[in-house]
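The exercises below are meant to be worked with the sequence and the structure open side by side. Each one sets a task and then goes through a solution step by step.

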Amino acid sequence: MKIPYPVFLKRSQDAPKWMPFVTSVGAVLLAFIISGIVLAATGANPLKVYSYFFKASFGSWGAFSDVIVKATPLLLIGLGCSLAFKMRLWNIGAEGQFFVGAFLASAVVMVPLVNLETTPRWAIVSLMALLGMIGGSLYGFIPGFLKAKLNINEVIITLMLNYIAVLWNNYWIFGKWSEAGFQMTKTFPHSAWLPRLADYAKEIPAFSGMTAHAGILFGLIAAVIVYLIIYRSKWGYKITLIGDNPKAARYAGINIAANTILIFMVSGALAGLAGMTEVSGVVHRLQERISTSYGFSGVIVAWLAKLNPFAVILVSILFGALLVASREIQPSGISFLIQGITLFLIISSDVLLKYEIKWVRPAQETAQ
Amino acid sequence: MNWIEIFRSGISTGTVLLIAAIGETLTERSGIQNLGVEGMMLVGAMAGFKVAYQSGNVWLGLLAAIAAGGLLSLAHALVTIHFQADQTVSGLSLTFLGTGLALVLGDGLTGMTAPVIPSFTIPLLSQVPYLGPVAFANHNLLVYVGYLLVPLSWYYIHKTRPGLHLRAVGENPAAADTLGVNIYRTRYLYTFIGGCFAGLAGAAISVAIAPGWYSNLTVNGQGWIAVALVIFAHWNPWRVALGGYLFGVLRRFTLDLQGPRLLFGLANPFFFNTNLVFFLQMAPYILTIIALIWGSSAARKKRIGSPAALGVPYQRGERGL
Amino acid sequence: MRAISPIKDELMTFTEEPNAIPAVEMRDITLRFPGVLANDHVNFTLYPGEIHALLGENGAGKSTLMNVLTGLYKPQSGEIRIHGKKVSFNSPRDAIANGIGMVHQHFMLVENQTVTENILIGLDTPHFALNLKKFDHEISDLADQFGIHIDPTAKIWQLSVGEQQRVEILKILYRGANILIMDEPTAVLAPQEADELIETLKGMAAQGKSIAFISHKLNEVKQVADKLTVLRRGRVTAERMDLENFTRESLASLMVGREVIFNLQKCEQTAGREVLRLEDVSAVNNKNLPALRNVDLALHEGEILGIAGVAGNGQSELVEVITGLRECTGNVWLEGKNIANKPPAFSISHGLAHIPEDRIGVGSAPNLSLTSNIIMKRYDQKPVSQKWQLDYVAADSLADGLKTEYDIQAPNVQTQARKLSGGNLQKLILARELSSAPRLVVAMQPTRGLDVGAIESVQQLLLNQRAQGCAILLVSEDLDELLSLSDRIAVMYEGHVVGTICSGDFDINQIGLMMTGTIPQDLKSPSSVEDSSGSNENSSISAPSSRFDEVLDHVKSFEESSSPSEEADQSVTPPEEPSEEDLPPSEILPEEDPELNLSEKERVLRKVLGEKYQQGDVE
């Protein structure tokens, strides 16, 4: 067997500005095509599946509202991942941070930390959001600390912490907070609900039945803040510098360990906030299945958006649609498959941005 | 509690980690880190079970699992070796891809039964007190294969010519390249071999140790634990074996803790409060974190590093101008 | 013998020995890298039993040409004949099969494998199982045959640089190579080790091996080579010349192709008050082995302290300790503040500038813009810093100003740092470091790998800083650079500062000796280490002007002897008359000429030291 060096990669000069956009869109389209082939191989009709996909997610305003509901946690987690990835920290632990955030937010109601009857709704919801963020950031502290102080692979740590967080939640919903033996807590009182569109159905009848909630506003505000951090702030400059060359950053007097921990905590806080919006805005209780792998999809969202906070908004809506549609589609792994292929294509296409590819044929080499 | 049984089934469980981790050790020794072990194991478990179920022949299933894991790993090899993509992200997407593929192709397999790898007892050796019943009695074939893998892979890495090349490629690819070792081919080869091992490890679950297909719960994080185990073991097959079996035993031990009413003469809290079982289930993951912390600080003390070129793409010619 | 005038682009050719079959014959080799014509119709011929020097500046294409010969690169055109047979190499393997081996400048060794294992990499035998014992013996025998001393069972990381080089040579010999390529082999060695290597090479040539010897050191080439080929910017400017025909000056003009006058403006000045003081500083390296041992140093305003030493004797660690990048014991005082074990940010805010050795890996963020690289150390200061924000407009205008001031060649300030050439990247780093009015500049290998023009401007920038009263710590492996820039030179060996010499007493022999760990007794004068005990008025630092002139003369004469001088360049036309060869620099300063004294003195020293060295002399 002889594998020669068939490609010659050369650092390209400036890739055109539109290239990242084109490669991202191309990767998504190609992922759908490849997944279609896999679907066809399993006997399904990919066109039917995809048209069903589209109808289920963008077919009506109601469907679109569902998409927004799914996009909300993806947006928050995607933003957190973007921040972490900007510093080349692989926070794969959004899932766990999400659960811990949801858990601490639920504690406001379940313990309860405040008098649910008398405290105004805005105060309860704010407290839940705050605790959600604290929960996520504390959980993010662990891998951040281990990475910063002991240089332990954060991917594995965050993944292990994901499993632990889910089990921790299970302990509470199966045990202490179980509602009559079911694997969930009691429904939260209305005063702990994030406002949602359906709440205003009286004033605007078109909103009736729409479940999109105020969490998306958190997401949009967070997008602006993350944008300001990355592209406008001194801190963002430091993050970018560390991400590009940690040795240079250290040489420039930047404290890498502190920033590693900090970034993990901020990233975790956003995931924790996502957990809070899910319990307070969607299911209104703590239960076992509050996440359909949001933590992992957020990774792909961030990567597909090329870590640009505003692109994260668009991509999370696209992936929200994917999640909505895949709820009702068999086999259930199809959305995973599309996500996996997309991510693969995205990182493969990065090579187009960084390098010009030339094929070298052996014949060419012995010219003359 | 039946200690013999705990150790016996611990070794059996540990074999899964052992096979996957030895494969990953070979891959990482060549300088490629493949975090997609979980995905490859799932695909292997699915393929192994599906083919065994459909053909009725477990050996065919095993082959299919090996091929499936190996093929999937080639995607990682292509992206990281030729395209020089970040190995962390690529490994992660491999996990997604593997999970997705396994779930889609494994649709409808849940609840089916397929033939399993035969178990047998080794005569004479199984008569050895303590050790015999633990290590040589009523194990499936893959457990015994695991015993052989450890010394063989160690010998291969340290005492053979291909092993010498493997280490050279992982430590200093430029040096190996100037001496005519084909870096790309070596890295493709060992990434592929690592994938084959991961596929086999997946099949070791679905057609041998815990037969059946339970969608992504089949592997349930063991791929990640295997990756952690490699770091903990400092890329040494003997330590992989030690860690893998220890893990298996502890895992089994924590499961068995729920059984007895009395534990060391005291009321067993896990018996009286079944919800505490969630903490027992956390044990492997917490142990992994502890093992990583311990392993990395031990490595720091003994100055054992990862293969020097681990995670660094090799490209000839960009330098040297 | 007839030498054709080496006017710039005209080729000097000289053919001989029509009967013998050359070991290597490369014809019309052309190799183009993206943006660079690395080899432009290059010819190179090497006969059996000869040492053939390949001379040229950095980037002239010497290494590229040899990498073509070893099969690492494929030329776009041209042919290679080995022992008269036309060959085409697809990989290093093919070259090895044809008996060609190369010792790279950066050793290609696997650190945690043994000598034997390293030698066996890539071979077809043993086929599967390794019987290391058997091969250990084989390699010992081979080493003995060529008079090389090495323990085949030692791991590479346990060996000294010189020993590692021997492993590289053995690696090639074991493959039965009869054509050896040595890529700047002496760059990493102390002068005495280098002599030992040269003896080994001569011995191998006597046994029939052909050796291509890449170098950019003129002295060394004269010492070792039989024949000479000179490359300049990818082209041959002299092919297979006999060395007798050349003076150093004519070689230099062939090599550089233009007038090179080291016209550095170094003013006389007295050193001021103390800026930096190291007290009993010790540190370990990345392998946790002692790298700095009880170092005491002092550095004053307006003074350049050169640090000499063979690579890996603690210089990097010294720099890292001062710049806060490495932990240490002892005290490091900068302007009266102890900066030992303080984070880098602390010393930066107290006026420390650092020009790192690794420009790409440490000194810059390759994928970020020029602006982002410029503001690396002042993003937290006005006007770039606006509360929590970073004012990118102010940053761009700052970068734009420095880009003009320091003549950084780049399209604009948004250009990514990785697109800059080596010289421009270094200017970018200097712009960043020097524009902040530092009190102390720590410069490590600031001119390595740069072309002549860039070297000169970098050195002048350092001298300007000195004139402004800045204290400068200059670490360099280029002795010429140290001798011409430094006010004092401290020599490091195995983590110790062996001694400090003031500019009046510079003596390349003594420095060379100290680089191998010897402390000459006559150096233990007030001008050595002890002067760091404090008094600013120490006369040896502020050399009296009369003596200083002498020093300048000395330095100048040394420069003239080792690099192209004015006389040679006044006549862009060549050194036709061989008589010029007999006009050595010794005429200018007969007693002091380093090269004349060098060979004899060092031969003696090497005998003494060589023995000591092998006993593992560690003080």
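## Exercise 1: A covered strand and its partners

In chain C, strand E3 (residues 51–55) and E9(C) run parallel and are joined by four bridges. The model is a predicted one, and the values in these solutions are to be read in that light.

Task: Starting from this pair, find which residue of E3(C) stands opposite Lys227(C), then establish how E9(C) pairs with E10(C) and which residues cover its two faces.

Solution.

Step 1. On the parallel side, the residue that stands opposite Lys227(C) of E9(C) is His52(C).

Step 2. Strand E9 comprises residues 227–232 of chain C, and strand E10 of chain C, residues 235–242, pairs with E9(C) in the antiparallel sense over five bridges. Within this pairing, Leu228(C) has Met241(C) in E10(C) as its bridge partner.

Step 3. The hairpin of E9(C) and E10(C) leaves two residues between the strands, and there Arg233(C) takes a positive phi near 45 degrees.

Step 4. Counting along E9(C), six of its six residues are buried, and the strand is mostly covered. One side carries Lys227(C), Thr229(C) and Leu231(C), while the other carries Leu228(C), Val230(C) and Arg232(C), and with these residues all buried both faces are covered.

## Exercise 2: An open sheet and the helices across it

Task: Give the strand order of the six-stranded open sheet of chain C, decide which strands stand at the edges, and place H9(C) and H16(C) against the sheet.

Solution.

Step 1. The order is E16-E19-E20-E13-E21-E22, and the pairing in this open sheet of chain C is mixed.

Step 2. Strand E16 (352–355) and strand E22 (496–502) of chain C each have a single partner strand, so one side of each lacks a neighbour in the sheet, and these two stand at the edges. From one strand to the next, the twist averages 15 degrees.

Step 3. Within the sheet, strand E13 (residues 304–308) and strand E20 (residues 471–475) of chain C form a parallel pair over four bridges, in which Ile304(C) stands opposite Ile472(C) of E20(C).

Step 4. Helix H9 (residues 315–322) of chain C lies across E13, strand E19 (440–444), E20 and strand E21 (488–493) of that chain, and runs at about 150 degrees to E19(C). H16(C), in turn, lies across E13, E21 and E22 of chain C, running at about 30 degrees to E21(C).

Step 5. Helix H16 of chain C spans residues 508–515, and six of its eight residues are buried, so the helix is largely enclosed by the rest of the structure. Those buried residues are Ile508(C), Ile511(C), Gly512(C), Leu513(C), Met514(C) and Met515(C). Just after H16(C), Gly517(C) takes a positive phi of about 100 degrees.

## Exercise 3: Inside chain A

Task: Explain why Met276(A) counts as buried, and list the residues it is in contact with once neighbours within four places in sequence are set aside.

Solution.

Step 1. Met276(A) is located in helix H10 (residues 256–283) of chain A.

Step 2. Met276(A) has 33 C-beta neighbours inside 10 Å, so it counts as buried, the cut-off being 20 or more.

Step 3. With the sequence neighbours set aside, Met276(A) is in contact with Gly101(A), Ala102(A), Ala105(A), Met128(A), Ala129(A) and Gly132(A). For Gly101(A), the separation from Met276(A) is 175 residues in sequence but 5.8 Å in space, C-alpha to C-alpha.

## Exercise 4: Two interfaces with chain B

Task: Describe the side that chain A and the side that chain C turn towards chain B, by residue count and by class.

Solution.

Step 1. The contact between chains A and B takes 44 residues from chain A and 45 residues from chain B. On the side of chain A, H13(A) supplies the largest share, twelve residues, and the classes are 32 nonpolar, eleven polar and one charged.

Step 2. For chain C, 30 residues are in contact with 21 residues of chain B. Strand E2 (36–46), helix H1 (62–69), helix H2 (92–97) and helix H3 (115–120) of chain C each supply at least two residues of that side, which divides into 16 nonpolar, ten polar and four charged residues.

Terms used: Residues are numbered from 1 along each chain as its sequence is written. Chains are lettered from A and ligands numbered from 1 in the order in which they are written. This is a predicted model: local features need pLDDT of at least 70, side-chain atom pairs count only at pLDDT 80 or more; totals for chains, interfaces and linings use all residues. Two residues are in contact if their C-beta atoms, placed from the backbone, lie within 7 Å. Ala, Val, Leu, Ile, Met, Phe, Trp, Tyr, Cys and Pro count as nonpolar, Asp, Glu, Lys and Arg as charged, and the others, Gly among them, as polar. A residue is buried if 20 or more other C-beta atoms lie within 10 Å of its own, exposed if 12 or fewer, and partly exposed in between; C-beta atoms are placed from the backbone. Two strands pair if DSSP finds at least two bridges between them. Axes are lines fitted to C-alpha atoms, for helices over the stretch in contact, and angles run from 0 to 180 degrees between N-to-C directions.
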